[in-house]
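Thanks for sharing this one. Here are a few friendly notes on how the two chains meet, best read with the structure open beside you.

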Amino acid sequence: MDKKKDTVSFEQGMSRLEEIVASLEEGSVELETAMALFTEGAKLSASLEKQLRDAKLTVEKLLPEQKQG
Amino acid sequence: MQVLSVAQLNRYVKSLLEEDRKLQPVFLRGEISSFHHHSRSGHCYFTLQDREASVRAVMFRGQAEGLSFQPEDGMQVVVRATVSLYEREGSFQIYVSDLIPEGEGTAAVALRQRRERLAALGVFDLERKRQIPRFPETVGIVTSENGAAIGDMLRTLESRCPAVKVLFAPAQVQGEEAPESLVMALQALDGCCDVILIGRGGGSSEDLSAFNDEALAMAVFRCATPVISAVGHEQDHTICDLAADLRVPTPTAAAQAAVPSRDELLTGLGRLRGRMAGEMLFLLDRQEKRLAVVKSAKVVKNPQELLKIQAERLSFLRESLYNKQDALLRQKGMEVARLASVLDSLSPLRVLSRGYSLVERGEQVVSSVHQLEAGDKISVRFSDGIARAIVDKLEQGN
């Protein structure tokens, strides 16, 4: 959930993962597609987990002098 | 005897009233009715009444503007006023310099009226509440730098889900400058984060007045980013609480509502992975079973079988083709025979054999006596031969 690097945001990642599981569960995908989805999903869930485990809380303080933005 | 003008009388009575020290000032208790705020002049006109009597009252703009609330009909009040006379109409009235509501108290009335005004503007409407995002990346915080709230929020965020960035805009949460300070902090954060937490630790009702400010309520209302308000007063929600998209009792609760817990997310991720793997195994298993069914089919085991079946089919088709052809030929033959007999019955030779004969001159068949002249050479055709003859004489009609 850090600033957008090359990776997707946590929200986008989670949505995609849920989408993948839903299409697998729907059961009408072909085997090749299913394999591709599974591979993508596995990679995605690993990277999301890494994002969660590695992150540190960062705090940035805005200066009160910033009048009338 | 001296005769006075009406104006002289009124002026004199007015001076009597104004000189009477008992009437300057006077404190009165009564109920407001027929309240009218003259928008052009800014003066307020109303009637002050109790069960037995009423008196007309005026409150000039200078004094009316000093009120923190709007007087309204039916309100029980104590007024401080001077008594005088409106010379032009000769009516005596009171000039109100201060007005205090009885019962609710000034601040409570002001707060209630502000709440009603904002409610009428739709600031508290549930339909316009924005959705708090599921996975915010940046969390904005508006609170005091010194209070307990910031610590509570950061601790909770840290332990719950450290995978967020916090933007902290410090603001004064009490005192006269607090409302403006809160509004500026809110505006500085709007657009830079996914959700904004605004609040302070618990305090007395007096301490929360900044969070009942109208400008702050409008800033929360206009904020494009969802706002979670935690002003920390369970009983009586502040206007800021009501205008926010979500209100929670404490700063800790605000942080909990803003971000999902990491443990729950990890569990959720694990569950998604499990479902994915389960689905994949099921899919593979099903494909394997399909393959097994195909492999065990007769034609796959013995391809010769397929050829045999096709050969049988071919010979069956060929046989039925021949059968069809025979039937067709038979049918056509019968049809030819029938037509020949029809043709035969129509032949002229057939008619001649019954005793009739045909007269011809040259190539032409003669069907009328008018076609002939005496001396013409004709042929008379019988079924078994022809007689050549010369016309001797012609007679018409029978």
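1. Let me start with a salt bridge: Arg134(B) and Glu18(A) join through their side chains, with 3.2 Å from N to O. Please keep in mind that this is a predicted model. In total, 6 salt bridges are counted between chain A and chain B.

2. The polar side of the interface goes further than that. Between chain A and chain B there are 12 residue pairs in polar contact, with both residues at pLDDT 80 or more. On the side of chain A that touches chain B, the elements giving two or more residues are α1 (10-26), α2 (31-54) and β1 (58-61) of chain A. Of that side, α2(A) supplies the largest share, 13 residues.

3. What is the make-up of the side of chain A that touches chain B, by nonpolar, polar and charged residues? It has 20 nonpolar residues, alongside 12 charged and 8 polar ones.

4. Do take a look at the strands too. β1(A) pairs with β7(B), the strand of residues 165-170, and the two run in the parallel sense over 4 bridges. Within this pairing, Lys61(A) lies opposite Phe168(B) of β7(B).

5. Finally, the overall extent. Chain A brings 40 residues to the contact and chain B brings 36 residues. Together the two chains bury about 3,800 Å² between them, and carbon and sulfur atoms account for 66% of that area.

How values were computed. Residues are numbered from 1 along each chain as its sequence is written. Chains are lettered from A and ligands numbered from 1 in the order in which they are written. This is a predicted model: local features need pLDDT of at least 70, side-chain atom pairs count only at pLDDT 80 or more; totals for chains, interfaces and linings use all residues. Side-chain values use heavy atoms; hydrogens and water are left out. Contact means heavy atoms within 4.5 Å. Buried area is the accessible area (1.4 Å probe) that two parts lose on being put together, summed over both. A salt bridge is a side-chain nitrogen of Lys or Arg within 4 Å of a carboxyl oxygen of Asp or Glu. A polar contact is a pair of N or O atoms within 3.5 Å; within protein, one must be able to donate a hydrogen and the other to accept it, and residues adjacent in sequence count only if both atoms are side-chain atoms. Ala, Val, Leu, Ile, Met, Phe, Trp, Tyr, Cys and Pro count as nonpolar, Asp, Glu, Lys and Arg as charged, and the others, Gly among them, as polar. Two strands pair if DSSP finds at least two bridges between them.
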